[in-house]
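This report describes selected features of one protein model. The sequence and the structure come first, and the description follows.

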Amino acid sequence: MMDHFTITKLDSQRTNLTKEQIIQILEIYKNFPVLWNTSLVENVCSNKRQEALERMLKPIHKEMGLKINVSILQQYLDSIHAHLSKEKTMLLKNNKNNENISMYYDHMKFLHDHVGPFCCGICGRRNRSPLHLKVHIYQKHNRNDPLRCPMCNKIYQQMEPYVAHARRHMNDLRVECKECGMFIRHADLRVHMYTHTGIKSYCCEVCGSVFTTASALVDHKRRHEKLYKVFCEICSKGFYYDEKLREHMTTHTNIRNYACGICGKKFKAKKTLKAHKSTHEEGRNHPCPLCGKMYKNKIGVSQHLRTHRSNVGTKTKLQNKTKA
């Protein structure tokens, strides 16, 4: 049997918890999903987790008579997750043979979809949380199912910006910009200040474009050199960003996830939807660079330019016939 030490003690100063006490704590824990449900925005927010921990202490004090503080409670909940993670790992190794799992495994079922490991069904890689698994499948296997904010439906490709976004919803960002009052992560404050100072220290030697960060300049230079970062495995088309490749991959499928909010028509790519939306706008804001004729979108201009090329070809042929 596996060692149960981690969940039989609240801390080193107390006697072992009984089986009934451990099960009772798990039942109380189940009633505070902010602390374990990874589908909730609040789960990644320190302020909401702190509030939930403080609320969870009340039934532990009142119903169980255990006088502990938030720090001890958090450590014990971490121990519960570690215990379940070990048992899930054991089941994966033993092909779901549950002979050696503990008596508490069934009482932890509410945590199964939120505590790792989680195995990728495509390559077998193990991920520590369902959010990390989703990011892995989206980035490495080009599956069109990114992280999506449950509150506003905004899409994210990576964990870090998703967490920062979630914290904005929950007012969990602790650094305030003195210029605009915006709350942002401390790590982003220096770059954010460039939006107020206008300082762009990184200049492209080829075209003179300037950028606020070195990484933005590096990405820009790749365009001059046509150094694509990723390629489509189906048609070999190159792209500078993973995001553009993922958008492109939808053109090889019949999936249409981008719907027009006005007429409901669906499209495979975001840029196609954007071009379509302009057809609903009043007026024509895109001029032909040769004759000045106005169109509703750039696609209309591109199609119109073909007539200029064909007209030039026709005129050339007529002039050659006249000379002959």
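The text below covers a charged surface patch, one helix and its cover, and the salt bridges.

**Positive patch**

The model is predicted. On its surface, a patch of positive charge is formed by R223, K237, K244, K270, K271, K274 and K298. Which helix gives the most to the positive patch? That helix is α10, which spans residues 270–277 and supplies 3 residues.

Another member of the patch, K237, sits in a loop. The loop runs between β9 (230–231) and β10 (238–239). K237 has a relative accessible area of 45%, so the residue counts as partly exposed. This value also fits membership of the patch, because patches are made of residues with over 30% relative accessible area and no salt bridge.

**Helix α6**

Helix α6 covers residues 159–169, and its buried residues are M159, Y162, V163, A164, H165 and A166. What covers these buried residues? The cover includes the helix α5 (130–140) and the strands β3 (147–148) and β4 (155–156). After α6 comes N171, a residue with a positive phi, near 55°.

**Salt bridges**

Side chains of opposite charge can pair when their charged atoms come close. The count of salt bridges in this model is 5. Among them are the three in the table, each given with the distance between nitrogen and oxygen.

| Acidic residue | Basic residue | N to O distance |
|---|---|---|
| D11 | R14 | 3.0 Å |
| D106 | K109 | 3.9 Å |
| D172 | R167 | 3.5 Å |

How do the partners in these pairs sit with respect to the surface? In the pair of D11 and R14, D11 has a relative accessible area of 17% and is therefore buried. Its partner R14 reaches 27% relative accessibility, so R14 is partly exposed.

The pair of D106 and K109 lies at the surface on both sides. D106 has a relative accessible area of 53% and is exposed. K109 is exposed as well, with a relative accessible area of 53%.

In the third row, the side chain of D172 meets that of R167. D172 is buried, because its relative accessibility is 7%. R167 belongs to the partly exposed residues, with 25% relative accessibility. The cut-off behind these labels is that buried means under 20% relative accessible area and exposed means over 50%, with partly exposed in between.

Note on methods. Residues are numbered from 1 along each chain as its sequence is written. This is a predicted model: local features need pLDDT of at least 70, side-chain atom pairs count only at pLDDT 80 or more; totals for chains, interfaces and linings use all residues. Side-chain values use heavy atoms; hydrogens and water are left out. Patches are made of residues with over 30% relative accessible area and no salt bridge: like charges are joined within 9 Å, nonpolar side chains (Val, Leu, Ile, Met, Phe, Trp, Tyr) within 5 Å. Accessible areas come from the Shrake-Rupley method with a 1.4 Å probe; for residues, only the protein chains shown count as cover. A salt bridge is a side-chain nitrogen of Lys or Arg within 4 Å of a carboxyl oxygen of Asp or Glu. Lys and Arg count as positive and Asp and Glu as negative; His and the chain ends are not counted. The place of a charge is taken as NZ of Lys, CZ of Arg, CG of Asp or CD of Glu. Helices (H or I, at least four residues) and strands (E, at least two) are DSSP runs, numbered from the N terminus. Buried means under 20% relative accessible area, exposed over 50%, partly exposed in between (1.4 Å probe, protein chains only). Contact means heavy atoms within 4.5 Å.
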